[in-house]
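The following exercises treat one protein chain from its overall make-up down to single residues. Each task is followed by a solution in steps.

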Amino acid sequence: MESGALARYRGATESFAHGSDNPVNGGTRLSPWLAFGCLSARMVVKEARDWERQHGKSCSTSKGVGKIGSTGNRLHTELLFRDFLRFSALAWGTSLFKIGGPFGVTGIPWRKDLELFEKWRLGQTGFPFVDAGMRELAATGYISHLHRQCCAAFLARDLGLDWRMGAEHFESCLLDHTPDANWGNWAYRILQRPCLAETRRSYPLEEHLNTVEVVVWPAVHDAFLEHTLHWVPELSSLPKDLAREPWRTEGRPLKRIPIKPYQDSPLWFCAANRTNWDYEYFWLPGHAWVVQLGAGAGEHPWRDFQLSRDYFRPLIPALNVEIDLDALPLRHAWGDTPPQLRPHIWGGGLRVPQRSPQETSKGKGGSRRGKGGGRAEMSRPQ
């Protein structure tokens, strides 16, 4: 409160907040003290309101004070979500610890591959955003809420491992662990709801990464890769474009697919029942490219860097996310490689790439202009 950081607070669960003060690096870090009762939630809310009475209210997002209230109100909302999980845990009972979770999800072929689990636990998945989060957790006992969700979803959705293995690992590491917050978030958000389970059954999930947040969120939540490179320093010699997607050093784009989010999309773990995408992801053109590794080795100027030797190969087929630099709503480091080496990143006069004849996947969306001024082309319903 004394530092004035409340004025820049974004909220741990505000996954749409962009900029340097975002949920990855803009939390209060009060969670261990709240978890063990050293601080009461009411005291935190009171201090926030007292600060705002003295210094005035502010809003750190584009939504404005009128829509979600001030940063102090945002902090209050985050604390209310803690209470929600506590009361929910009482209602869910022991189903919170069962494979189907409180929603009774069935039909998912869970695995218990200890080798895959170990790579995830150690931050050796080949996806920098995931690896940064898992290494931070192991070293510090802390990981931001967005990273918790992203790393957890990757384990459950992409690796197909029993989600309870991940929940137990988090429990063994987190300084702020409480059963309701940890297991409740895994069961409520990561274990897919029946609506998501239904859409995912008809999607070819094994073809590529299907937790799109793993490659989309770094573009706006770590726009200079400061957090990622702190925990994954072996990528520091690469340009930021390649450090964010290191598989591009030896792969080429194979097939263009639509990834625009929509309600119950099989490619977004946070898509369950969510409809407020348009004003939140206006900057996302809406496509990505499935990468074929080994097809482009030696075609870029950074040939001294080699996957497997210098960094881990992706455990599953990766995606190159299309980005319109003119539409991004924040300062960033992207576009630091020659245009011919990044056909999926454009802006500053570069043309939007044409559709590939190999596009066979179906998606939802339209075409709109992002707030940054760049044209964002999105796939039409088929």
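Accessible areas are computed by the Shrake-Rupley method with a 1.4 Å probe, and for residues only the protein chains shown count as cover. The model is a predicted one, in which local features need pLDDT of at least 70 and side-chain atom pairs count only at pLDDT 80 or more, while totals for chains, interfaces and linings use all residues. Residues are numbered from 1 along each chain as its sequence is written, and side-chain values use heavy atoms, with hydrogens and water left out.

**Exercise 1. Describe the protein chain as a whole.**

Step 1. The accessible surface of the protein chain is about 16,700 Å², and 51% of this belongs to carbon and sulfur atoms.

Step 2. Buried stands for under 20% relative accessible area, exposed for over 50%, and partly exposed for values in between (1.4 Å probe, protein chains only). Of the 382 residues of the protein chain, 55% count as buried.

Step 3. Helices (H or I, at least four residues) and strands (E, at least two) are DSSP runs numbered from the N terminus. The protein chain has 13 helices and 7 strands.

Step 4. A contact requires heavy atoms within 4.5 Å. Among contacts in the protein chain with a separation of 6 or more, 74% come from residues 24 or more positions apart.

**Exercise 2. Determine how α6 packs on α7, and α8 on α9.**

Step 1. Axes are lines fitted to C-alpha atoms, for helices over the stretch in contact, and angles run from 0 to 180 degrees between N-to-C directions. Angles under 35 degrees count as roughly parallel, over 145 as roughly antiparallel, 65 to 115 as roughly perpendicular and the rest as oblique.

Step 2. The axes of α6 (residues 128-140) and α7 (residues 145-158) come within 9 Å and cross at roughly 115°; α6 and α7 are therefore roughly perpendicular to each other. Phe129, Val130, Gly133 and Met134 of α6 make the contact with His147, Cys150, Cys151 and Phe154 of α7.

Step 3. For α8 (residues 163-173) and α9 (residues 179-190), the packing angle is about 155° and the axes are 10 Å apart. Hence α8 and α9 are roughly antiparallel to each other. The residues of α8 that meet α9 include Trp163, Phe170 and Glu171, and their counterparts in α9 include Trp183 and Trp186.

**Exercise 3. Establish the strand order and pairing of the open sheet.**

Step 1. Two strands pair if DSSP finds at least two bridges between them. The open sheet of 3 strands has the order β1-β2-β3, with antiparallel pairing. Its edge strands, β1 (251-258) and β3 (319-321), each pair on one side only.

Step 2. Between β1 and β2 (residues 287-293) there are 7 bridges, and arginine 256 stands opposite tryptophan 289 in β2.

Step 3. β2 and β3 are joined by 3 bridges; here alanine 288 has valine 321 of β3 as its bridge partner.

Step 4. Is β2 mostly covered or mostly uncovered? It is mostly covered, as 5 of the 7 residues of β2 are buried.

**Exercise 4. Locate two residues with positive phi and state their exposure.**

Step 1. Most residues other than glycine have a negative phi.

Step 2. Arginine 29, in the segment before α1 (31-35), has a positive phi of about 60°. Its relative accessible area of 42% makes arginine 29 partly exposed.

Step 3. Serine 308, in the loop between β2 and β3, has a positive phi of about 80°. With 52% relative accessibility, serine 308 counts as exposed.
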